Amino acid sequence: MDWSSFPREKTDCILCGSSSKRLLSTQKTWPVVRCTECGLVYLSERPAEKALTDMYSKAYYEDGKVGYTGYLQTFEKYHDIFMNIFSRRHRDLLHHARGRRLLEIGCAYGFLLDYLGQRGWEVQGVEISPLSSEFARNELGLTVHTGSLESADLEEHSFDVILLLDVLEHLHRPYDTLRHIRGLLSPGGILIVQCPWELYHWEEIAEAVFRGKRPGTIEPDSVPAHLYFFQPGTLEAVLNKGGFRIYARQSGNYGSIRRLVRPPEINRGNPIERFGRFIYFRLGLRRFLYYAARLVHLGNGIIRYAVPEEDEQQ
Ligand SMILES: [Zn+2]
């Protein structure tokens, strides 16, 4: 698929509204900028919203250029790792949630919903991609709506937990979605948001510097599917602006499966770079740093637990 051929639209900063920005890099023809007022990193030119359904087609889940490489096969092959991730998520849910009615927005093929459904949760999903949502319905027997959250026509105040995992960074109108979520949550209901910490995460800054580039300029895999590249501060500011108060923070690590599917190239660059890569990837330096980073909330996954602003019960 030619990702650069989508119809485009221009945008200013969605956090502070400023049009003042600095170009960090151009990735696959898409400009990645940093707002000079609030620091949000985003695509100042992005695929038009009407291109979304085309974007999350088969190629997104299969060809590995922007989204995933062989999503279904990967799930089968690394089933145990997925089960570990789901089991951790389940444990966190039991700790935070007050009820069992759960909605996942952007549920893809529905594997997490299926896992939770089998453990007593009343699950529903919304998914923009016809391909993956059809699988969730037909193969897993889940209640999954194809389309946007707005089009799903869900009952007001009927969910105790709403999951927004790796989704916010894809949304053209995040505040509309957050407003909608506030209406769908039951009293005492919670929103769990997860997104990657991209471009200004320590590992990417180190990689940029190591390769003689400016921080924030190395290639993210996800352009133009990701419209924003959050850091903890900018993610929280967007959630606050969307009417949510954050009451718990968690740090995670992305990439354990991706690294198995696409192992890092050791033999790249000059001899010093190769030596560095060898120590980092093969001798366990990375593993150690990831472990330590997670403990001090510097993992490359940002997880936030939030409640609607007016709801002070947590
Ligand atoms: Zn801004």
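**View A. Ile303 of strand 13 and its facing residues in the predicted model.** Gln194 is the residue that stands opposite Ile303 in strand 13. Strand 13 spans residues 301-308, and strand 10, residues 185-196, pairs with strand 13 in the antiparallel sense through 6 bridges. Ile303 also has Gln250 standing opposite. Strand 12, residues 244-252, runs antiparallel to strand 13 and is joined to it by 8 bridges. Of the 8 residues of strand 13, 6 are buried, so that the strand is mostly covered.

**View B. The largest nonpolar core, with Leu191 as one of its residues.** This core comprises 61 residues, and those with the most contacts inside it are Tyr42, Ile162, Leu164 and Leu191. Strand 10 gives the most to the core, contributing 6 residues. When neighbours within four places in sequence are left aside, Leu191 is in contact with Ile162, Leu164, Ile181, Leu185, Phe244 and Ala306. Another core, of 5 residues, lies apart from the largest one; Met55, Tyr56, Tyr60 and Ile128 are among its members.

**View C. The open sheet of 4 strands.** The strand order is 2-3-4-11, and the pairing is antiparallel. Strand 2 (21-27) and strand 11 (228-229) occupy the edges; each has a single partner strand, and therefore one side of each is left without a neighbour in the sheet. The partner of strand 11 shown here is strand 4, residues 41-43, with which it pairs in the antiparallel sense over 2 bridges. Tyr42 has Tyr228 of strand 11 as its bridge partner. Tyr42 is also listed among the residues with the most contacts inside the largest nonpolar core.

**View D. The buried residues of helix 6.** Helix 6 covers residues 130-138, and within this helix Ser132, Ser133, Phe135 and Ala136 are buried. Because these residues cover an arc of only 155 degrees around the axis, they are on the same side of helix 6.

**View E. Ser132 in helix 6.** Is this serine, Ser132, buried or exposed? Ser132 counts as buried because it has 25 C-beta neighbours inside 10 Å, the threshold being 20 or more. Val296 is 164 residues apart from Ser132 along the chain, and the C-alpha atoms of Ser132 and Val296 are separated by 36 Å.

Definitions and conventions. Residues are numbered from 1 along each chain as its sequence is written. This is a predicted model: local features need pLDDT of at least 70, side-chain atom pairs count only at pLDDT 80 or more; totals for chains, interfaces and linings use all residues. Two strands pair if DSSP finds at least two bridges between them. A residue is buried if 20 or more other C-beta atoms lie within 10 Å of its own, exposed if 12 or fewer, and partly exposed in between; C-beta atoms are placed from the backbone. The arc is that of the directions from the helix axis to the C-beta atoms. A nonpolar core is a set of buried Ala, Val, Leu, Ile, Met, Phe, Trp, Tyr and Cys residues joined through C-beta atoms within 7 Å. Two residues are in contact if their C-beta atoms, placed from the backbone, lie within 7 Å.
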